[in-house]
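Me: I would like a close look at one part of this model, namely the strand pairing and what packs around it. Please give any cut-offs as the terms arise.

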Amino acid sequence: MKILAVGAHPDDVEFGCAPILIQEVRNGHEARILVTSKGEAASAGTPEERAQEARDAARIIGAAIQFLELGGDCHIENNTANAMTLAREIRRFKPDVVLAPHLGENQHPDHAPVGKIVRDAARL
């Protein structure tokens, strides 16, 4: 089984579903993390530091990681261009399971749009 976990920022996947990914990798499944920004607007750590932390975490999880530019931290929009960009990555990896941020608007402003982009991209 192939699992794709998508997060808006470095650390979103780690906080959101790392235990699931670790368990599935230990069970012999393949996991990939796709991060749609480098946390450029963060108040703790530079984008380079945050990206490196995400790469380190992916290594510990046992997952591959990729960064995908969808406009940058706090500038990610749910639009057709971003959905098509993500759809290309989904088609390349061909996951059996896709994990994404919740669609609710009760969190960081990038999370819901990324969840909607993932939903749309998985259907394209």
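How many bridges join strand S1 to strand S2, and do the two run parallel or antiparallel?

Reply: The model is a predicted one, in which local features require pLDDT of at least 70 and side-chain atom pairs count only at pLDDT 80 or more, while totals for chains, interfaces and linings use all residues. Residues are numbered from 1 along each chain as its sequence is written, and side-chain values use heavy atoms, with hydrogens and water left out.

S1 (residues 2-7) and S2 (residues 30-35) run parallel and are joined by six bridges. Strands are DSSP runs of E with at least two residues, helices are runs of H or I with at least four, and both are numbered from the N terminus; two strands pair if DSSP finds at least two bridges between them. Within this pair, Ala 5 lies opposite Ile 33 of S2. On the route from S1 to S2 lies helix H1 (residues 12-26), and the three elements form a right-handed β-α-β unit. Right-handed means that, with the strands pointing away from the viewer, the path from the first strand over the helix to the second runs clockwise.

S2 also pairs with strand S3 (residues 64-67), again in the parallel sense, over four bridges. Here Ile 33 stands opposite Ile 65 of S3. The chain passes from S2 to S3 through helix H2 (residues 47-61), and this β-α-β crossover is likewise right-handed.

The loops contain two residues with notable backbone angles. Asp 11, in the loop between S1 and H1, is not a glycine and yet has a positive phi of about 95°. Cys 74, in the loop between S3 and H3, also has a positive phi, of about 70°, without being a glycine.

The strands contribute to the packing as well. The largest nonpolar core (buried Ala, Val, Leu, Ile, Met, Phe, Trp, Tyr and Cys residues joined through side-chain atoms within 4.5 Å) has 15 residues, of which Leu 4, Val 6, Leu 34, Leu 86 and Val 114 touch the most other members. S1, H3 and H4 are the elements that give two or more residues to this core. A second, separate core of twelve residues includes Ile 3, Val 13, Ala 31 and Ile 61. Beyond four places in sequence, the contacts of Leu 34 (heavy atoms within 4.5 Å) include Leu 4, Val 6, Leu 68 and Leu 86.

Helix H4 (residues 111-123) has 13 residues and spans 19 Å from its first C-alpha to its last, close to the 18 Å expected, a value given by 1.5 Å times one less than the number of residues. Among its buried residues (under 20% relative accessible area; exposed is over 50%, partly exposed in between, with a 1.4 Å probe and protein chains only) are Val 114, Ile 117 and Val 118. The buried residues of H4 pack against S1, H1, H3 and strand S4 (97-99).

H3 (residues 80-93) holds Asn 82, which is buried, with a relative accessible area of 10%. Asn 82 touches Leu 70, Glu 77 and Ile 117, apart from residues up to four places away in sequence. Arg 91, also found in H3, is partly exposed at 42% relative accessible area. The C-alpha atoms of Arg 91 and Ala 121 are separated by 9.5 Å, although the two residues are 30 residues apart along the chain.
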